[in-house]
Amino acid sequence: MTSNDNNKIITNKFEVIKNMESFVADNIDKLLKPVNESWQPSDYLPDMNAENWREQINEFRQKAEALSDELLVVLIGDMITEEALPTYQTYLNRLEGLTDFTGVSNSPWARWSRGWTAEENRHGDLLNKYLFLTGRTDMHAVEITIQNLIKNGFNPQTENDPYLGFIFTSFQERATKISHTNVARLAIKAGDNNLQKICGLIAGDEARHEKAYRLFMQKIFEVDPVQAILAFAKMMKTKITMPSQLMTDGKSNNLFTNFSNVAQKIKVYTVKDYADIIANLVSGWNVENIIGLSDIAAKAQDYICNLSERYLKIANRLSFAGTTEKFSWLFNRKV
Ligand SMILES: [Fe+2]
Ligand SMILES: [Fe+2]
C-alpha cells in the first residue's frame with residue numbers, strides 16, 4: 001500500500017465517523033444515563049453526616065476484614081486503573097473525528113466522550129474511598145502508583161484511528177465488566193456485601209459502555225466492512241494492552257505483571273477471558289458471515305475467526321508455579 005492509499009483510507013474513515021454523528025446523537029441518551037438517575041459514590045459509603053457514623057464505619061470495616069490479600073491486590077489494581085481516567089479522556093480526544101476542539105463542543109462525539117468520562121469518574125472515586133475506609137491498604141503507596149501511572153501514560157497502539165479505537169474500547173469495556181463482576185462474586189463469598197454492591201454497580205456501567213462502543217463499531221462494519229475487518233485483525237495482532245501496564249510504585253520492577261498474575265490466579269481476569277472476549281466480539285459483529293471481501297480482507301477474516309481458539313489453547317496450557325511477590329500496597333506483604 002502506498003502512503004497515498006493510506007491517506008485515502010484515513011480520509012474515508014474520518015468521513016465515516018463524521019457521518020455517524022446523527023446516529024450517535026439519536027442513541028446517546030440511551031447509552032448514557034442522565035445525571036439525576038445515576039448512582040453516586042456517597043450512596044454506597046458510610047454516611048458521614050449521620051449520628052451513628054462511627055457505627056456505620058465500624059460495620060463497613062468489619063465486613064472488609066475477611067477479604068483475602070489476593071482479592072485486595074486485584075481490587076487495588078482495578079482501582080488504580082480506573083483512577084487513570086485523565087489518560088483515557090485524552091485518548092478519546094485524540095481519535096480522528098472525535099476531538100472536542102473547544103472543550104464544550106456540542107458535537108455528538110464530544111458529548112459522548114465527556115458523558116462517558118463523567119460516568120467513569122465515579123468508578124475510581126468509589127473504589128478509592130472504599131479502600132481508604134477499610135484501612136487495609138497502604139494508601140500512600142497506592143496513591144504513588146496512581147500518580148506514576150498517569151504521569152507515565154499509556155499507548156494502546158491504535159494511533160489516532162477511530163476504528164482501532166472502537167475495537168479497543170469494545171474489548172476493554174467488556175474486560176473491565178468481567179473483572180468487576182468477578183471481584184463482586186469473590187467479595188460476597190468473603191462476606192462483604194458492600195464491596196459486592198460497589199463492584200456490581202461499576203460492572204453495570206461498564207456493560208452499558210461496552211454496548212455503546214460495540215454499537216459504534218457495528219455501524220462501521222455496516223458501512224465500511226473491509227476497513228473494519230482489517231482494523232479488527234490489526235488490533236488483535238497488536239494485542240489489547242491493558243491501560244495500567246505502565247503502573248509503578250517506585251519499588252517493584254514488575255508491578256503490573258505481578259498484579260495481572262494475581263488476577264489470573266484468582267480467576268478475576270484470565271487468558272481464557274481474553275479468548276472469550278474475542279469470540280464474543282467476532283460473533284457480535286457477525287464477522288464470519290461478511291461476504292464480498294477483497295483477498296486481504298478475507299485473510300484477515302480468517303485470522304480473526306480462528307483467533308479465540310488459539311488463545312484458548314494457550315489458556316489451557318497455562319499453569320501457575322505459585323510464586324509470591326511483595327506488594328507495597330499491602331505493606332510489603334507477600335501475595
Ligand atoms: Fe470504569
Ligand atoms: Fe469503562
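The legends below accompany close-up views of a predicted model.

**View 1. The iron ion (ligand 1) and its donor residues in the predicted model**. The iron ion (ligand 1) is coordinated by E82, E120, H123 and E206, at 2.1 to 2.4 Å. E82 appears twice in the list of donors, each time through OE, while E120 and E206 also bind through OE and H123 contributes ND1. Read along the chain, these donor residues follow the spacing E-x37-E-x2-H-x82-E. The short step in that pattern falls within helix 6, which spans residues 108–134, and because E120 and H123 are 3 residues apart there, about one helical turn separates them. E120 has a relative accessibility of 5%, which is under the 20% limit, and therefore counts as buried. H123, at 0% relative accessibility, is likewise classed as buried.

**View 2. The iron ion (ligand 2) and the bridge to the iron ion (ligand 1)**. Three residues coordinate the iron ion (ligand 2), namely E120, E173 and E206, each through OE and at 2.0 to 2.1 Å. The spacing of these donor residues in sequence is E-x52-E-x32-E. The pair E173 and E206 links distant parts of the chain, since E173 sits in helix 8 and E206 in helix 9 (residues 193–223), with their positions 33 residues apart in the numbering. E173 and E206 are both buried. The two iron ions lie 3.4 Å apart, and E120 coordinates both of them, so that the bridging residue is one that counts as buried at 5% relative accessibility.

**View 3. The largest cavity and the residues that line it**. By the rule applied here the model holds 1 cavity of 30 Å³ or more, and the space in the largest cavity comes to about 250 Å³. Its lining is made up of 16 residues, and those nearest the centre are Y88, W116, Q172, E173 and P243. Two or more lining residues come from each of helix 4, helix 5 (85–94), helix 6, helix 8 and helix 9, and helix 8 gives the most, with 5 residues. Sorted by class, the lining has 8 nonpolar, 4 polar and 4 charged residues. E173, listed among the residues nearest the centre of this cavity, is also a donor to the iron ion (ligand 2).

**View 4. The largest pocket and the helices around it**. About 790 Å³ of space lies in the largest pocket. The pocket is lined by 34 residues, of which M242, F256, S260, Y269 and Y274 are the closest to its centre. The elements that each supply two or more of the lining residues are helix 4 (69–83), helix 8 (162–189), helix 11 (255–265), helix 12 (271–284) and helix 13 (295–317). Helix 11 accounts for the largest share of this lining, with 7 residues. The class composition of the lining is 16 nonpolar, 15 polar and 3 charged residues.

**View 5. V24 in helix 2 and its contacts**. V24 belongs to helix 2, which covers residues 21–31, and its relative accessibility of 1% places V24 in the buried class. When neighbours within four places in sequence are set aside, the residues in contact with V24 are P108, W109, W112 and F216. As a reference for distance across the model, V24 and L133 are 109 residues apart in sequence, and their C-alpha atoms are 39 Å apart in space.

**View 6. Two lysines with positive phi, K239 and K267**. K239 lies in the loop between helix 10 (225–238) and helix 11, and the phi angle of K239 is near 80°, a positive value in a residue other than glycine. K267 is placed in the loop between helix 11 and helix 12, where K267 has a positive phi of about 60° although it is not a glycine. The accessibility classes of the two lysines can be given side by side: K239 is partly exposed at 45% relative accessibility, whereas K267, with a relative accessible area of 56%, is exposed because that value is over 50%.

**View 7. The cysteines C199 and C305**. The count of disulfides in the model is 0. C199 is buried, with a relative accessible area of 0%, whereas C305 has a relative accessibility of 27% and counts as partly exposed.

Definitions and conventions:
Residues numbered from 1 in each chain as written. Chains lettered and ligands numbered in written order. Predicted model: local features only at pLDDT ≥ 70, side-chain atom pairs only at ≥ 80, totals over all residues. Heavy atoms only, no water. Donors = N, O, S within 2.8 Å, 3.2 Å for Na, K, Ca; no water. Helix = DSSP H or I, 4+ residues; strand = E, 2+ residues; numbered from the N terminus. Buried < 20%, exposed > 50% of the residue type's maximum accessible area, 1.4 Å probe, protein only. Disulfide = S-S within 2.5 Å. 1 Å grid on protein atoms, 1.4 Å probe; cavity = no way out; pocket = protein on both sides within 12 Å on 5 of 7 lines; lining within 4 Å. Points joined across faces, edges and corners; volume = space filled by probe spheres on them. Nonpolar A, V, L, I, M, F, W, Y, C, P; charged D, E, K, R; others polar. Contact = heavy atoms within 4.5 Å.
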